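Hi everyone, thanks for making time. I'd like to walk you through one model today, starting with the whole chain and then settling on a few residues.

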Amino acid sequence: MKTGVFVGSFNPFTIGHESIVRRSLALFDKLVIGVGVNTAKEDNEGESRVGRIARLYADEPHVEVRSYTDLTVDFARREGAQFIVKGVRSVKDFEYEREQADINRRLSGLETILLFAEPGMEAVSSSLVRELQRFGRDVSEFLPKENR
């Protein structure tokens, strides 16, 4: 069984993330969405993000959602994954993800699969959505329908 882990903070989980999950399901028998929780930031929202994302995929038997606080490669190994999945929106993202992929491969032998943002989603990011929310803007067009 081919298993991939799609990892990030997903704060919040956007339509861009949803696109990566949908497209990853064509590649893997099982996809584990790993919600990284930064304990140094006293992230009290991690488990609620896990719950919201899990509800999105409640009817999708090939998707599981879990939180983790350790290295991505350690999480991926615990989940039995052969691949790490990451989304790329820009050249800047690509450079960062390439460096991470190189280190992850050196540490664990795991390969990283990069999926490029669909046209029109290159500007959608969790940080942008959080910024718009801070200013009271409607962000529903950037969130999956079930999370609006």
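**The chain as a whole**

Of the 148 residues in the protein, 41% are buried, where buried means under 20% relative accessible area, exposed means over 50%, and partly exposed is in between, with a 1.4 Å probe and protein chains only. Before I go further: this is a predicted model, so local features need pLDDT of at least 70 and side-chain atom pairs count only at pLDDT 80 or more, while totals for chains, interfaces and linings use all residues. Residues are numbered from 1 along each chain as its sequence is written, and side-chain values use heavy atoms, with hydrogens and water left out.

Let's look at the layout. The protein has five helices and five strands, and from the N terminus on they run β-α-β-α-β-α-β-α-β-α. Here helices (H or I, at least four residues) and strands (E, at least two) are DSSP runs, numbered from the N terminus.

How does the radius of gyration of the protein agree with that of a compact globule? For 148 residues a compact globule would be near 15 Å, and the protein has 15 Å, so the two agree. That radius is taken over C-alpha atoms, and the globule rule is 2.2 Å times the number of residues to the power 0.38. Along its principal axes, the C-alpha trace spans about 45 × 35 × 35 Å.

Now contacts, meaning heavy atoms within 4.5 Å. Among the contacts in the protein with a separation of 6 or more, 75% are between residues 24 or more positions apart.

On the surface, the protein exposes about 8,600 Å², and carbon and sulfur atoms supply 49% of that. These areas come from the Shrake-Rupley method with a 1.4 Å probe; for residues, only the protein chains shown count as cover.

**Two serines and a histidine**

Please zoom in on serine 126, which is found in helix H5, residues 126-134. Is serine 126 buried or exposed? Its relative accessibility is 12%, so serine 126 counts as buried. Leaving out residues up to four places away in sequence, serine 126 touches Phe10, Asn11, Pro12, Thr14 and His17. The side chain of serine 126 also reaches the backbone oxygen of proline 12 at 2.7 Å. That is a polar contact: a pair of N or O atoms within 3.5 Å, where within protein one must be able to donate a hydrogen and the other to accept it, and residues adjacent in sequence count only if both atoms are side-chain atoms.

From the other side, histidine 17 is found in helix H1, residues 15-24. Histidine 17 is buried because its relative accessible area is 17%. Its contacts, with neighbours within four places set aside, are Phe6, Phe10, Pro12 and Ser126.

Next door, serine 125 lies in the loop between strand S5 (111-116) and H5. Serine 125 is buried, with a relative accessible area of 12%. A polar atom of the serine 125 side chain lies 3.1 Å from the backbone nitrogen of leucine 128. Serine 125 touches Thr14 and Arg89, again not counting residues up to four places away in sequence.

**An exposed arginine**

Last stop: arginine 78, in helix H3, residues 72-78. At 52% relative accessibility, arginine 78 counts as exposed. Beyond residues up to four places away in sequence, arginine 78 touches Tyr68 and Asp70.

That's my tour; thanks for listening!
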